[in-house]
Amino acid sequence: MPSTRVVIIGAGQAGLAVSYLLTAASIDHLVLERGRTAERWRSQRWDSLRLLTPNWMSRLPGWSYRGADPDGFMPAADVAGYLAGYAESFHAPVRAETTVLSVRRHRGRYLVGTDAGSWAADAVVIATGFCGEPAVPAAAAGLDPAIRQVTPDRYRNPSELPAGGVLVVGASATGAQLADELAADGREVLLAVGRHTRLPRRYRGRDIMWWLDSMGVLDRLVDHERIHRHPEPSLQIVGSGPDAHPRDVDLPSLQARGIRLGGRLVGLDGTHVEFADDLAATAAAADAKLVRLFRRIDDHVTAIGPEFEVFPPGRVRPFVADSVAAPARLDLRAAGVRSVLWATGCRRRYPWLHVPVLDAAGEIRHTAGLTAAPGLVVVGQRWQTRRSSTFLDGVRHDAAIVVDHLMTTVLMSPALAESVRNAS
Ligand SMILES: Cc1cc2nc3c(=O)[nH]c(=O)nc-3n(C[C@H](O)[C@H](O)[C@H](O)COP(=O)(O)OP(=O)(O)OC[C@H]3O[C@@H](n4cnc5c(N)ncnc54)[C@H](O)[C@@H]3O)c2cc1C
């Protein structure tokens, strides 16, 4: 059986960042990828999707954006090209079209079984992504089959949905962007709004991500207990094309588009849906948080001094529900709704992982990516060490941590570990 020091599962940004660091340290390894490099950016993103982070915020170990539009937002296909270029730059040993079917311990090493043969390795890096598959509520099974159900990984553009209205469930970046796109296409859109983090595209003349980066918000180490007690909802923001003005997709702008907003979806039976009476509270919480963020930015401006020319402080335009808000209960058929788009987040599954590192919910138990199994690490998990852990721009920190750990444990070479620290 072929043998290597490290098998990395997944050739997205996380797997490639780890591969770069191992390559820099001359560690023999393989990246096993069931599709092509950056597969999710090729086949699981909708046509109009652009990064919500500016192009300059794509810093990977040994690779950064060098294009003509650092403040722009790459479309998904360009992100795939960006990552493929990265892999080529250091000849990443990616084996495409190779699906990992099993990982198990064998005589102190790992046996990695795939649909194209097996490998023995001293270490395994799980880099299969935090967004393995869509998380659709169990209630979806009760929806009338005459109404089409679709998830964001399969949605491409409005023309694929049956004629008629659409219920979009979830108002973070994905739900808000798709509701906006469908309404712009002339559809009647209902949006079930759950908790979200409202972010304007720009504040005081700069991109909001510039402020978050400048304040260190994205790269600050996470207090996991706090995050567990008060989970932070996902961002509500959109990137724009080169010919369009930066814009917001928030509840006021979606409402102005004519989208009917409701609270969280709490009931679904056949064609009947029920929304919680929590829209005003959800919106108020998101607005209050944004007010606090603006204040922090204003304080930051004061602290750094007038080094940067910025516009004066701004105000949050609070959301006020208008008279066409969705009713508490609704018959979708009577309302002309022909499809439901579930923008309700992601989940992960590891049916191939036969090493006892999963918790009761099926998530990998780890601390900063390190599991209790020697040589088994994970990278690219949500909140792995910081908010940016799942971002193109943040995965480098966690890649360095797991590679450093492997070097000083199963790969056993402090000198090599030092070279990795220097490379990252
Ligand atoms: C809609 C959307 C928009 C996003 N926008 C941004 C953004 O603007 N900016 C930003 O910084 N981040 C963004 N992200 C977050 C993040 O950058 C992406 O989720 C990114 O794809 C995560 O990279 P990854 O390498 O961790 O995982 P993935 O890209 O998911 O890569 C995992 C790879 O593992 C492979 N794989 C899975 N199982 C197996 C197996 N059994 N065998 C072999 N291979 C396997 C998959 O095919 C895949 O290629 C976005 C995420 C989503 C979902």
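**Chat: rings and cores in a predicted model**

Trainee: How many aromatic pairs does the count come to?
Mentor: The count comes to 8 aromatic pairs. Keep in mind that this is a predicted model.

Trainee: Okay, what about W63 and Y82, how do their rings sit?
Mentor: W63 and Y82 form a tilted pair, with 6.1 Å centre to centre and 50° between the planes. The pair links distant parts of the chain: W63 is in the loop between α2 (39–43) and α3 (76–89), while Y82 is in helix α3, 19 residues apart.

Trainee: Is W63 buried, exposed or partly exposed, and why?
Mentor: W63 counts as partly exposed because its relative accessibility is 26%, and buried means under 20%. Y82 counts as buried because its relative accessibility is 9%.

Trainee: Which pair is stacked, then?
Mentor: One stacked pair is Y203 and F294, at 3.9 Å centre to centre and 15° between the planes. This pair also links distant parts of the chain: Y203 is in strand β12 (residues 202–203) and F294 is in helix α8 (residues 279–304), 91 residues apart.

Trainee: And are those two buried or exposed?
Mentor: Y203 counts as buried, at 4% relative accessibility. F294 counts as buried too, at 7%.

Trainee: Back to W63 for a second. Which residues do ring pairs link into a cluster?
Mentor: Ring pairs link W63 with Y20, Y82, Y86 and F90 into a cluster.

Trainee: New topic! Which residues touch the most other members of the largest nonpolar core?
Mentor: Those are V18, L22, W41, L83 and L191, in a core of 67 residues. There is also a second, separate core of 21 residues, and L30, V103, I126 and L353 are among its members.

Trainee: What is W41 in contact with?
Mentor: Leaving aside neighbours within four places in sequence, W41 is in contact with Q13, L49, L51, A76, A77, V79, A80 and L83.

Trainee: What lies over the face of W41?
Mentor: R45 does, at 4.1 Å from the ring centre. Elsewhere, R105 lies over the face of Y110, at 4.5 Å from the ring centre.

Trainee: Last one, helix α9. Why should α9 span 20 Å?
Mentor: Helix α9 (residues 395–408) has 14 residues, and the expected span is 1.5 Å times one less than the number of residues. That is why α9 should span 20 Å, and its end C-alpha atoms are 20 Å apart, which agrees.

Trainee: Nice. Which residues in α9 are buried?
Mentor: In α9, the buried residues are V395, D398, A399, A400, V402, V403, D404, L406 and M407.

Key:
Residues are numbered from 1 along each chain as its sequence is written. This is a predicted model: local features need pLDDT of at least 70, side-chain atom pairs count only at pLDDT 80 or more; totals for chains, interfaces and linings use all residues. Side-chain values use heavy atoms; hydrogens and water are left out. A nonpolar core is a set of buried Ala, Val, Leu, Ile, Met, Phe, Trp, Tyr and Cys residues joined through side-chain atoms within 4.5 Å. Buried means under 20% relative accessible area, exposed over 50%, partly exposed in between (1.4 Å probe, protein chains only). Contact means heavy atoms within 4.5 Å. Rings of Phe, Tyr and Trp (its six-membered ring) pair if their centres lie within 6.5 Å; planes under 30 degrees apart count as stacked, over 60 as edge-to-face and the rest as tilted. Helices (H or I, at least four residues) and strands (E, at least two) are DSSP runs, numbered from the N terminus. A charge sits over a ring if NZ of Lys or CZ of Arg is within 6 Å of the ring centre and within 35 degrees of the ring normal.
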